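Trainee: I should like to understand how one part of a protein chain sits within the whole. Please choose a single helix, examine it closely, and then relate it to other parts of the chain.

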Amino acid sequence: MSLTIGIDVGGTKVAAGVVNSRGRIIEKLKRPTPSASPERTARVIAEAVIDLLGRHQAEAVGIGAAGYVDAVGSDILFAPNLAWRNEPLKEQVEDHVGLPVLVENDANAAAWAETMLGAARGHEHVMLVAVGTGIGAGIVINGRLYRGRWGIAGEPGHYRVVPDGRLCGCGNRGCWEQYASGSALVAEAREFARRSPGPAVRLLQLGGGAAEGINGPEITQAAHEGDAAALRCFEIVGAWLGQGLAALAAILDPGCFVIGGGVSEAGDLLIRPAQAAFADALTGGTYRPHAEIKLAQLGADAGVIGAADLARRALAGGKLAGGKLAGGKVAARAQSTAPLSGPEPRDGPSPSRRTSTTNPVTKAAMAASAAQPGTVQPTSVATSR
Ligand SMILES: [Zn+2]
């Protein structure tokens, strides 16, 4: 069975996995991301690949990166949480590993994996919304990843939901991810604790006595214990999430929203209020079918699996040039590469793949922006509409 390597590059760690043609990870490893140095990050990726190649014979490498990736799957144009600015990542890694490399946005890779193998299996119109520090997203339309003209489609985290609202890491104000992300959850809880220390006593206790000590895990723990303040924080953030999904449904009409990212580990605490707010906010909701809102199933592995499968498909479709050290050999073996089954085989010609030798790709990223505690204003669900 042919193998490809999938890489998920986040702000803190690089995860690399050898993935078979059924989407199963054979071996996985993790390295810290030297986020301040693009060159060192590329080297860490290459070292992880070479390490895995010592034990497995893989044919191509797919990299899912938290950044804006160009339309041909080659360069990272910009990354909110890493030092990448117009960085030729494909070339940098290919030079070291000798295999063809495809670069993709990390949320796109995760959306692809969840559609092929995870929560949205069987759907052809899917939007994955990754709720972490910020909000990332990936869009599948008609069974194909939708990347937009420049590769940057699918950045709803920076869609403005509150004019002159909270300052975002991107420089604008009122972005959705300032209200519906993990950062927003923490901001709500800290604000609550500062404003009403009495009702927030459990949150403060878990945070070591200070509002600043309250982070995601403390809020989730308190909510699981039934703490009213923590539950209220999830209700507020979940409601923002559901309202945003209703706005996205107005544009894309997907059959399924998959909610991933670190905050989704809270499960029903986040999903239930999101589902309720979605149903309330959906225009014509009484008279139309509603998209499913489901928790992601592949967890932290989605990026690795999706990147590996996208590289496999690009190679099988003859759309992935590459591997300066072993290009001929790779091309010869490409025939045996069979993509995962899914809504639609992607190896036929398509507009998104016209671009030459490298592969299409991309969109944008998990623009996680740091919370701006100083700028966060008290808010409530009522302010959102
Ligand atoms: Zn923003």
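## A helix and its surroundings

Mentor: In the protein chain, 69% of the contacts with a separation of 6 or more are between residues 24 or more positions apart. Please keep in mind that this is a predicted model. The chain has 385 residues, of which 57% are buried, and its secondary structure consists of 11 helices and 13 strands. Its accessible surface amounts to about 15,100 Å², and carbon and sulfur atoms contribute 53% of that area.

The helix I have chosen is α5, which runs over residues 182-195. Let us begin with its length. With 14 residues and 1.5 Å a residue, α5 should span 20 Å, and its end C-alpha atoms are indeed 20 Å apart, so expectation and model agree. At the start of the helix, a side-chain oxygen of S181 comes to within 3.3 Å of the backbone nitrogen of S183.

How much of α5 is buried? The count is 12 of its 14 residues, and therefore the helix is largely enclosed by the rest of the structure. The buried residues are G182, S183, A184, L185, V186, A187, E188, A189, R190, E191, F192 and A193. You may notice that charged residues such as E188, R190 and E191 appear in that list beside L185, V186 and F192. The cover over the buried residues includes the strand β9 and the helices α4 (177-180), α6 (201-206), α7 (216-224) and α8 (228-252).

R194 also belongs to α5, but its surroundings deserve separate attention. Its relative accessibility is 41%, and it therefore counts as partly exposed. The reasoning requires two limits: a residue is buried under 20% and exposed over 50%, and 41% lies between them. Once neighbours within four places in sequence are set aside, R194 is in contact with A211 and E212. Its C-alpha atom is 9.4 Å from that of L204, a residue 10 places away along the chain.

A second helix can be read by the method we have just used. Helix α3 covers residues 106-117. Its 12 residues should span 16 Å at 1.5 Å a residue, and the 16 Å between its end C-alpha atoms agrees with this. Of those 12 residues, 11 are buried, so α3 is largely enclosed by the rest of the structure. Among them are D106, N108, W112, E114 and M116, together with several alanines, including A109, A110 and A111. N105 caps the N-terminal end of α3, with a side-chain oxygen 3.0 Å from the backbone nitrogen of A107.

After α3 the chain enters a loop that leads to β9 (126-131), and A119 lies in that loop. A119 counts as buried because its relative accessibility is 3%. Which residues does A119 touch beyond four places in sequence? They are E114, V258, K294, L295, A296 and Q297. One of these partners, K294, is 175 residues from A119 in sequence, whereas the two C-alpha atoms are 6.7 Å apart in space.

We may now turn to the zinc ion. Its protein donors are H158 through ND1 and C168, C170 and C175 through SG, at 2.0 to 2.3 Å from the ion. Along the chain these donors follow the spacing H-x9-C-x1-C-x4-C. The angles among the four donor atoms are 104 to 120 degrees, and the site is tetrahedral. For reference, the ideal angle for four tetrahedral donors is 109.5 degrees. Two of the cysteine donors can be described further: C168 has a relative accessible area of 3% and is therefore buried, and C175 is likewise buried, at 1%.

Lastly, two residues merit attention for their backbone angles. Most residues other than glycine have a negative phi. D164, in the loop between β11 (144-146) and α4, has a positive phi of about 55 degrees although it is not a glycine. With a relative accessible area of 64%, D164 is exposed. N86, which is found in strand β7 (residues 85-87), also has a positive phi, of about 50 degrees, and is not a glycine. Its relative accessibility is 56%, so N86 counts as exposed.

Technical notes. Residues numbered from 1 in each chain as written. Predicted model: local features only at pLDDT ≥ 70, side-chain atom pairs only at ≥ 80, totals over all residues. Heavy atoms only, no water. Helix = DSSP H or I, 4+ residues; strand = E, 2+ residues; numbered from the N terminus. Buried < 20%, exposed > 50% of the residue type's maximum accessible area, 1.4 Å probe, protein only. Contact = heavy atoms within 4.5 Å. Expected span 1.5 Å × (residues − 1). Polar contact = N/O pair within 3.5 Å; in protein donor to acceptor, adjacent residues only side chain to side chain. Areas by Shrake-Rupley, 256 points an atom, 1.4 Å probe, with all protein chains shown as cover. Donors = N, O, S within 2.8 Å, 3.2 Å for Na, K, Ca; no water. Tetrahedral: all angles 85-135°; square planar, octahedral: opposite > 155°, others 65-115°.
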